[in-house]
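Welcome! Here is a short briefing on the open spaces, helix contacts and unusual spots in one protein. Keep the picture beside you as you read.

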Amino acid sequence: MDFILSGLAACSACLFTNPLEVVKTRMQLQGELKSRGTYRVHYRNVFHAFYTIGRVEGLSALQKGLVPALLYQFFMNGVRLGSYAIMESAGYIHTKGRVSSVKSTTAGALSGVVGAFVGSPIYLVKTHLQNQSTSSIAVGHQYQHRGMMHALLVIHRQHGIMGLWRGSGAAVPRVGVGSAAQLSTFSVTKEFITDLQIFPADSWLVPLFAGMISSVAVVLCMTPFDVLSTRLYNQPVDHLGKGKLYRGFMDCFSKTLRKEGVFGLYKGLGASYFRLGPHTILSLLFWNQLRTLKYS
């Protein structure tokens, strides 16, 4: 039941934040491996990106990749949050009745790694679909998938079962780091706010404020991994399924750093927060409230 509740909580948040995921993905791929000032800027900031996509492709384009996004959230966060909830209920993240930062960070990282591996094929397809756009505002490599199932079948037919896990080498540390930062910060902050007795212990405001603090931590820690993950998933591949731009996670990191500098690793930071921030807050709030209803 913890897995199902966790998946439903993440899907509920995804309905609101998927447009931000579309914007974030495109901003992270804009100017890929090019020095600042040497490429055309289609998306100047989050708000300009929303306006540009809506004007050129229509408002429906802001929900591109929604089906794989929902499936990814259900399976990845179902496993991730569900596993963490079980460890929390069993007392594995506590020491003498208090939340342990080390234990909660470790539990968050382990649950994130498993969740990322399970959801990687769907994330791959989601990235391709969200980046597909009209040529006038296209960034990065453009795949021509007709939908989620078409994409999965094409990738499997061309590159086999392992081709569906292409890019997971970046996704695993991405979610592992993000999950560790998110869940440990959320657990510690929620306990701290409860101790201060600012709100009643069972108030929804406790997880809301804990989620707000957690959202800042997860964006700062996760964005560089998120940029690398997006690029590894979206890069073109040869007939053997090998990337044409990057050989792997470290190669992507070194090339991005060398060509675009440190700021290249934080490209789309504003979009990342507008997407990851609300998603973290909403998913953790829904997750906490659904679990409260389960045990009440």
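What volume does the second largest pocket have? The answer is about 290 Å³. This is a predicted model, so please read each value below as something computed from that prediction. Let us start with the pockets, then go on to the cavities, the helices and a few single residues.

**Pockets**

- Arg36, Tyr39, Phe263, Lys267 and Gly268 lie nearest the centre of the second largest pocket, and they belong to a lining of 15 residues.
- That lining of the second largest pocket is made up of 7 nonpolar, 3 polar and 5 charged residues.
- For the largest pocket, the volume is about 380 Å³. Its lining has 17 residues, and those closest to the centre are Glu88, Lys190, Thr194, Ala201 and Asn288.
- Three helices each bring at least two residues to the lining of the largest pocket: α6 (168-196), α7 (205-234) and α10 (269-295). The top contributor is α10, with 5 residues.
- Sorted by class, the lining of the largest pocket holds 5 nonpolar, 7 polar and 5 charged residues.

**Cavities**

- How many cavities of 30 Å³ or more does the structure hold? There are 2 of them.
- The largest cavity has a volume of about 170 Å³. Among the 17 residues that line this cavity, Met76, Arg80, Gln182, Met222 and Leu276 lie nearest the centre.
- Helices α3 (66-89), α6, α7 and α10 each give at least two residues to the lining of the largest cavity. You have already met α6, α7 and α10 as helices that supply residues to the lining of the largest pocket.
- The lining of the largest cavity splits into 6 nonpolar, 8 polar and 3 charged residues.
- The second largest cavity encloses about 50 Å³ of space. Its lining is formed by Cys14, Thr17, Asn18, Glu21, Ala69, Tyr72, Gln73, Lys126, Gln130 and Arg275.
- At least two lining residues of the second largest cavity come from each of α1 (2-29), α3 and α4 (101-131). The largest share, 4 residues, belongs to α1.
- In the lining of the second largest cavity you will find 3 nonpolar, 4 polar and 3 charged residues.

**How α1 packs against α2**

- Two numbers describe a pair of packed helices: the angle between their axes and the distance between the axes.
- For α1 and α2 (residues 46-57), the angle is about 100° and the axes are 10 Å apart. The two helices are therefore roughly perpendicular.
- On the α1 side, the contact uses Pro19, Leu20, Val22, Val23, Arg26 and Met27, while α2 offers Val46, Ala49, Phe50, Ile53 and Glu57.
- This contact of α1 with α2 has 9 nonpolar and 2 charged residues, with no polar ones.

**How α1 packs against α4**

- Which residues of α1 meet α4? They are Asn18, Glu21, Val22, Lys24, Thr25, Arg26 and Leu29, and their partners in α4 are Tyr123, Lys126, Thr127, Gln130 and Asn131.
- By class, the contact of α1 with α4 contains 3 nonpolar, 5 polar and 4 charged residues.
- The axes of α1 and α4 cross at roughly 80° and come within 9 Å. This pair is therefore also described as roughly perpendicular.

**A salt bridge between α1 and α4**

- The whole structure has 14 salt bridges. One of them joins the side chains of Lys126 and Glu21, with 2.6 Å from N to O.
- Lys126 sits in α4 and Glu21 in α1, so this pair ties together parts that are 105 residues apart in sequence.
- Both Glu21 and Lys126 also appear in the lining of the second largest cavity, and both take part in the contact of α1 with α4.

**Positive phi in two loops**

- Leu33 is not a glycine, yet its phi is positive, at about 60°. You can find Leu33 in the loop between α1 and α2.
- Gln197 likewise has a positive phi, near 60°, and is a residue other than glycine. Look for Gln197 in the loop between α6 and α7.

Conventions: Residues are numbered from 1 along each chain as its sequence is written. This is a predicted model: local features need pLDDT of at least 70, side-chain atom pairs count only at pLDDT 80 or more; totals for chains, interfaces and linings use all residues. Side-chain values use heavy atoms; hydrogens and water are left out. On a 1 Å grid over the protein atoms alone, a cavity is a set of points where a 1.4 Å probe fits but cannot get out, and a pocket is an open set with protein on both sides within 12 Å along at least five of seven lines; lining residues have an atom within 4 Å of a point. Grid points are joined across faces, edges and corners, and a volume is the space filled by probe spheres set on the points. Ala, Val, Leu, Ile, Met, Phe, Trp, Tyr, Cys and Pro count as nonpolar, Asp, Glu, Lys and Arg as charged, and the others, Gly among them, as polar. Axes are lines fitted to C-alpha atoms, for helices over the stretch in contact, and angles run from 0 to 180 degrees between N-to-C directions. Angles under 35 degrees count as roughly parallel, over 145 as roughly antiparallel, 65 to 115 as roughly perpendicular and the rest as oblique. Contact means heavy atoms within 4.5 Å. A salt bridge is a side-chain nitrogen of Lys or Arg within 4 Å of a carboxyl oxygen of Asp or Glu.
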